[in-house]
Amino acid sequence: MRARVVRVAMIAVSVALVLFAVPLAILVWSSLLTEEQGEMERVALAAAVRVGPQFLTGDPVELPAAEADNTIGVYDLGGHLKSGHGPGIADDVVRQAYTGAAADGQAGADLVVAVPVSAAEHVNGVVRAAAPMSVVWTRAFLAWSLLAALAGAALVVAVLIARRQARLLTGPLEDLSSASDRIAGGDLGARADPGDIPEISRVALAHNLMVDRLTELLDRQSHFSADASHQLRTPLSGLLLELEAARTAPPADLPRVLEDTARGVRNLSRTVEDLLALSRHHPEEWFTAAPGAVAEVLSDTEQHWHGPLAREGRRLVVNVDPEIRDWPVPASLLTQIVDVLADNAARHGRGTVTLTARDTAGVLAVDVADEGTLRLDPADVFVRGASSGGGHGIGLALARTIAGASGGRLAITRRTPTTFTLYLPRLDDIA
């Protein structure tokens, strides 16, 4: 591209120089020719002043000294050279001057000017001044050489400027191309330098923004896949353990175990459907996916977690303010977040687990509390990989990611008793 820019600049400058230099060269030639003719006319007039009528009777005429290669001659009315230097017989330029007006033109290789010699309003003769055309050509050649040198210098300067501008233009584009190649090769941290040219800078910034969004989307999808696997792996492992235990040592209440297993399979199927529903939507659309009423969602959560908590001798209490029982909420999203918080309370908490849904100035607040004490630093609770033991530190990070991406917020509101609070705007306010 640099060569193309330089080539275009050279063509443009060359055309401009030709369009400028050719008329200028013609003007220089015309000016030099006119100047030489004027000089010859002045010489001829000076000689005509010295020529009197007596030259016709044969008296000698004193003509002014001519410059080297120039000639001055006086002709009578018969066209014969009477004094000085010139052709023996008058040429066309001299014959034109017999009409009483000065004449000029070329005669062979000479530039000729003829001036009439008059007395009593009668032409008595003609003074002829001549100079070789080579004098004019020499001056013109020197002028044209200077003009060509200036044009060449202008072309060199234009090429240097074009090369510099080509570097300025192509540098950011080459950097953008290099960044694109590195990104295509897997280096998602590569970014293009915006440069100093506004138009290219906007392209580079748009390119970087696109890469940032793609990187964020890929990271989010990667984390979502890992988190979804975690969400499915935990209940699936529990089901496998229960079935393995029932197979090796069939309990007396086998129908109850099978019923619990069937309920677990249904819950797992619901989790898969919820995660698939979320995966089909962009995170900005998660909040509006699969709407439902808050009371129904928390009722399903109660049915899911009542059995597992009861087997550990713990209670599950669900409190929903009557005024917000029918509030529309994103059912899949709320189910996944509350399941993570309930699982966290079952694993790391103790005592009764309480789910409370309340209205806080037009915003839905869902509290998940147990009777334990948070031992981790609140700043580390939602960090991926952080766990107080027995977990992978993924679930809470997933819950906060889903909440934040959908316009909500998940926070720790109390350390003792441990209380997590999810804040969600009304679904109909978003719609």
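In this predicted model, helix H6 has eight residues listed here as buried: Val294, Ala295, Val297, Leu298, Thr301, His304, Trp305 and Leu309. The helix covers residues 294–311, and its 18 residues reach 26 Å from the first C-alpha to the last, close to the 26 Å expected at 1.5 Å a residue. That agreement in span goes along with a bend: H6 turns by about 35° at Trp305, with the proline Pro308 following within four residues. Trp305 thus appears twice in the description of this helix, as a buried residue and as the site of the bend. After the helix comes Gly313, which has a positive phi near 75°.

What does H6 lie across? The helix lies across strands E7, E9 (353–360) and E10, and runs at about 170° to E7. These strands belong to an open sheet of five, ordered E7-E9-E10-E12-E11, in which the pairing is mixed. Its edges are formed by E7 (316–320) and E11 (409–414), each of which pairs on one side only. From one strand to the next, the twist averages 20°. Within this sheet, E10 (residues 363–369) and E12 (residues 419–425) run antiparallel and are joined by seven bridges. A handy pair to pick out on screen is Ala365, which stands opposite Tyr423 in E12. A further helix, H9 (residues 395–405), lies across E11 and E12, and its direction is at about 125° to E11.

Another open sheet of five strands is found earlier in the numbering, with the order E2-E1-E5-E4-E3 and antiparallel pairing. Why is one side of E2 and of E3 left without a neighbour in the sheet? Strands E2 (81–84) and E3 (103–107) stand at the edges and have a single partner strand each, so one side of each remains without a neighbour there. Here the twist averages 25° from one strand to the next.

Inside this sheet, E4 (residues 110–119) and E5 (residues 122–132) pair in the antiparallel sense over ten bridges. One position to look at is Leu111, whose bridge partner in E5 is Ala131. Helix H3 (residues 133–184) packs on the sheet and touches E3, E4 and E5, its direction making about 45° with that of E5.

Note on methods: Residues are numbered from 1 along each chain as its sequence is written. This is a predicted model: local features need pLDDT of at least 70, side-chain atom pairs count only at pLDDT 80 or more; totals for chains, interfaces and linings use all residues. Side-chain values use heavy atoms; hydrogens and water are left out. Helices (H or I, at least four residues) and strands (E, at least two) are DSSP runs, numbered from the N terminus. The expected span of a helix is 1.5 Å times one less than its number of residues. The bend at a residue is the angle between axes fitted to the seven residues ending there and the seven starting there. Buried means under 20% relative accessible area, exposed over 50%, partly exposed in between (1.4 Å probe, protein chains only). Two strands pair if DSSP finds at least two bridges between them. Axes are lines fitted to C-alpha atoms, for helices over the stretch in contact, and angles run from 0 to 180 degrees between N-to-C directions. Contact means heavy atoms within 4.5 Å.
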